[in-house]
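Could you walk me through this structure, one selection at a time? I have it open in my viewer and would like to know where to click next.

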Amino acid sequence: MNIRMMENRKYNESIDFLNDTVPSMEQALADIFKERTRNNDQGTVQGADSESLRTANDLAVATQKWEGQMQSYDAYIEVLKVNQKLIAKTALKGDPSTRFVRDIAKTAILAGALDQ
């Protein structure tokens, strides 16, 4: 369940990044271009250059933050998968007194396999 939740969160945050961050940066670049084409005065050109650099930096920071979050989710998902495998192995190889747990684990594993 936690694996599925993390995969969903990862997907949702990626969609949010694409739907929010990218269009706002595109709008900022369009505004900069509009300001730049107003005239060729040195101040206008320098202002457009400065705004372009600031926008590029903002986009780089937002992208790095998103990538870092995705890497964190991937690492957490991997840990959950390893733990899930260990629990399944333990349940399947357990002693006779844990037969009930083993039977439930087998049922859950089969159900999971059928869902995929």
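Start with the whole chain in cartoon view: the protein has three helices and zero strands. If you trace the chain along its sequence, the pattern reads α-α-α. Keep in mind that you are looking at a predicted model. Now switch on the surface for a moment. Of the 116 residues, 16% count as buried.

**Stop 1: the beginning of helix α1**

Select residues 2-36, which make up helix α1. Then show the side chains of Arg-4 and Glu-7, which meet in a salt bridge with an N to O distance of 3.9 Å. Both residues belong to helix α1, where they sit three residues apart, or about one turn of the helix. Is each partner buried or exposed? Arg-4 counts as exposed because its relative accessibility is 54%, while Glu-7, at 30%, counts as partly exposed.

Stay here and add Met-5, another residue of helix α1. With a relative accessibility of 42%, Met-5 counts as partly exposed. Next, select Ile-77 as well and draw a line between the two C-alpha atoms. Met-5 and Ile-77 are 72 residues apart in sequence, yet 9.6 Å apart in space.

**Stop 2: two rings face to face**

How many aromatic pairs are there to find? The count comes to one. To see this pair, select Phe-17 and Trp-66: their rings are stacked, with 5.2 Å from centre to centre and 15 degrees between the planes. Phe-17 lies in helix α1 and Trp-66 in helix α2, so this pair ties together parts of the chain that are 49 residues apart in sequence.

Turn the surface back on and look at how much of each ring's residue is covered. Phe-17 has a relative accessibility of 12%, so this residue counts as buried; the cut-off for that label is under 20%. Trp-66, at 26%, is past that cut-off and therefore counts as partly exposed.

**Stop 3: Glu-35 and Arg-38**

How many salt bridges does a search of the whole structure find? The answer is five. You have already visited one of them, between Arg-4 and Glu-7. For another, select Glu-35 and Arg-38, whose side chains meet at 2.6 Å, N to O. Glu-35 is partly exposed, with a relative accessible area of 38%. Arg-38 reaches 54% relative accessibility and so counts as exposed.

**Stop 4: a small network on helix α2**

Now move to helix α2, which covers residues 42-93. Select Glu-51 and Arg-54 and show their side chains: here is a salt bridge of 2.6 Å, N to O. Why are these two separated by about one helical turn? Because they are three residues apart in helix α2. Both residues are partly exposed: the relative accessible area is 40% for Arg-54 and 32% for Glu-51.

Before you leave, add Asp-58 to the selection. Glu-51, Arg-54 and Asp-58 are linked in a network of salt bridges.

**Stop 5: a patch of positive charge**

For the last stop, select Lys-81, Lys-85, Lys-89 and Lys-93. What do these four residues form on the surface? They gather in a patch of positive charge. Zoom in on Lys-81, which has its place in helix α2. Its relative accessibility is 31%, so Lys-81 counts as partly exposed. That value also fits the rule for patches, because a patch residue needs over 30% relative accessible area.

**Looking back**

Try colouring your stops one after another. You have seen the stacked rings of Phe-17 and Trp-66, the salt-bridge network of Glu-51, Arg-54 and Asp-58, and the positive patch that includes Lys-81.

Key
Residues are numbered from 1 along each chain as its sequence is written. This is a predicted model: local features need pLDDT of at least 70, side-chain atom pairs count only at pLDDT 80 or more; totals for chains, interfaces and linings use all residues. Side-chain values use heavy atoms; hydrogens and water are left out. Patches are made of residues with over 30% relative accessible area and no salt bridge: like charges are joined within 9 Å, nonpolar side chains (Val, Leu, Ile, Met, Phe, Trp, Tyr) within 5 Å. Accessible areas come from the Shrake-Rupley method with a 1.4 Å probe; for residues, only the protein chains shown count as cover. Lys and Arg count as positive and Asp and Glu as negative; His and the chain ends are not counted. The place of a charge is taken as NZ of Lys, CZ of Arg, CG of Asp or CD of Glu. Helices (H or I, at least four residues) and strands (E, at least two) are DSSP runs, numbered from the N terminus. Buried means under 20% relative accessible area, exposed over 50%, partly exposed in between (1.4 Å probe, protein chains only). Rings of Phe, Tyr and Trp (its six-membered ring) pair if their centres lie within 6.5 Å; planes under 30 degrees apart count as stacked, over 60 as edge-to-face and the rest as tilted.
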